[in-house]
Amino acid sequence: MPLYAYVCDACAAEFELLVRGSDVPACPNCGGDKLQQQISRISKEIKYPAMAKAWRRRAAAEGDLSNFSKAERKL
C-alpha cells in the first residue's frame, strides 16, 4: 500500500495515510471525504552510511565477507 499525503477541504487538517487502490480515504480529524492529495515530501537526510555499517556488521557476524573489500577483510 502506498503512503499518500492529504489536506482535508473541510477542516484543513494535513495527514498521511496508507491507501489501497480501491479505498476512498476519510479525514481522521473530522471524517470528511473531500480531500486534496498532496505531493509527498522527500526526506532530506538519509542515513545510508549507518545502514551499510549495520548490514556489514551483521554479514560479518554471520560469516559472510563477500560484501567487504580485501582491506576490510584484513587478509
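**Reading strands, core and helix in a predicted model**

Q: In which sense do strand β1 and strand β2 pair, and over how many bridges?

A: Strand β1, which covers residues 3–8, and strand β2, which covers residues 14–18, pair in the antiparallel sense over five bridges. Please keep in mind throughout that this is a predicted model. To follow the pairing residue by residue, one can look at the partners across the strands: leucine 3 stands opposite leucine 18 in β2, and alanine 5 stands opposite glutamate 16 in β2.

Q: Which residue of β3 is the bridge partner of valine 7?

A: The partner of valine 7 in β3 is glutamine 36. This bridge belongs to the pairing of β1 with strand β3 (residues 35–38), which is again antiparallel in sense and runs over four bridges. For the wider setting, the protein chain has two helices and three strands, and their order along the sequence gives the pattern β-β-β-α-α.

Q: Where is alanine 12 placed, and is alanine 12 buried or exposed?

A: As a general guide to reading backbone angles, most residues other than glycine have a negative phi, and most peptide bonds are trans. In this structure, alanine 12 has a phi near 65°, which is a positive value in a residue other than glycine. Alanine 12 lies in the loop between β1 and β2, a hairpin with five residues between the strands. With a relative accessible area of 54%, alanine 12 counts as exposed because the cut-off for that class is over 50%.

Q: Which residues make up the largest nonpolar core?

A: The general idea is that, in soluble globular proteins, nonpolar side chains tend to be buried together. Here the largest nonpolar core consists of seven residues, namely Tyr6, Cys8, Ala13, Phe15, Val19, Cys27 and Leu35. If residues up to four places away in sequence are not counted, cysteine 27 touches Cys8, Cys11, Ala13, Phe15, Gly32 and Leu35. For the protein chain as a whole, 17% of its 75 residues count as buried.

Q: How many aromatic pairs are there, and which residues do the ring pairs link into a cluster?

A: A pair of aromatic rings is described by the distance of the centres and the angle of the planes. The count in this model comes to two aromatic pairs, and ring pairs link Tyr4, Tyr6 and Phe15 into a cluster.

Q: How many of the 14 residues of α1 are buried?

A: When one reads a helix, it helps to recall that an α-helix has 3.6 residues a turn, so residues three or four places apart point the same way. Helix α1 spans residues 48–61 and reaches 20 Å from its first C-alpha to its last, close to the 20 Å expected at 1.5 Å a residue. The helix is hardly covered, as the count of buried residues among its 14 residues is one. Just after α1, glycine 63 takes a positive phi of about 90°.

Q: Where in the protein chain is confidence lowest, and where is it highest?

A: Confidence is lowest in helix α2 (residues 70–73), where the mean is 67, and highest in β3, at 89. Over the protein chain the average pLDDT is 77, and 73% of the residues score at least 70.

Key. Residues numbered from 1 in each chain as written. Predicted model: local features only at pLDDT ≥ 70, side-chain atom pairs only at ≥ 80, totals over all residues. Heavy atoms only, no water. Core = buried A, V, L, I, M, F, W, Y, C linked by side-chain atoms within 4.5 Å. Buried < 20%, exposed > 50% of the residue type's maximum accessible area, 1.4 Å probe, protein only. Contact = heavy atoms within 4.5 Å. Phe/Tyr/Trp six-rings, centres within 6.5 Å; stacked < 30°, edge-to-face > 60°. Pairing = 2+ DSSP bridges. Expected span 1.5 Å × (residues − 1). pLDDT = per-residue confidence, 0-100.
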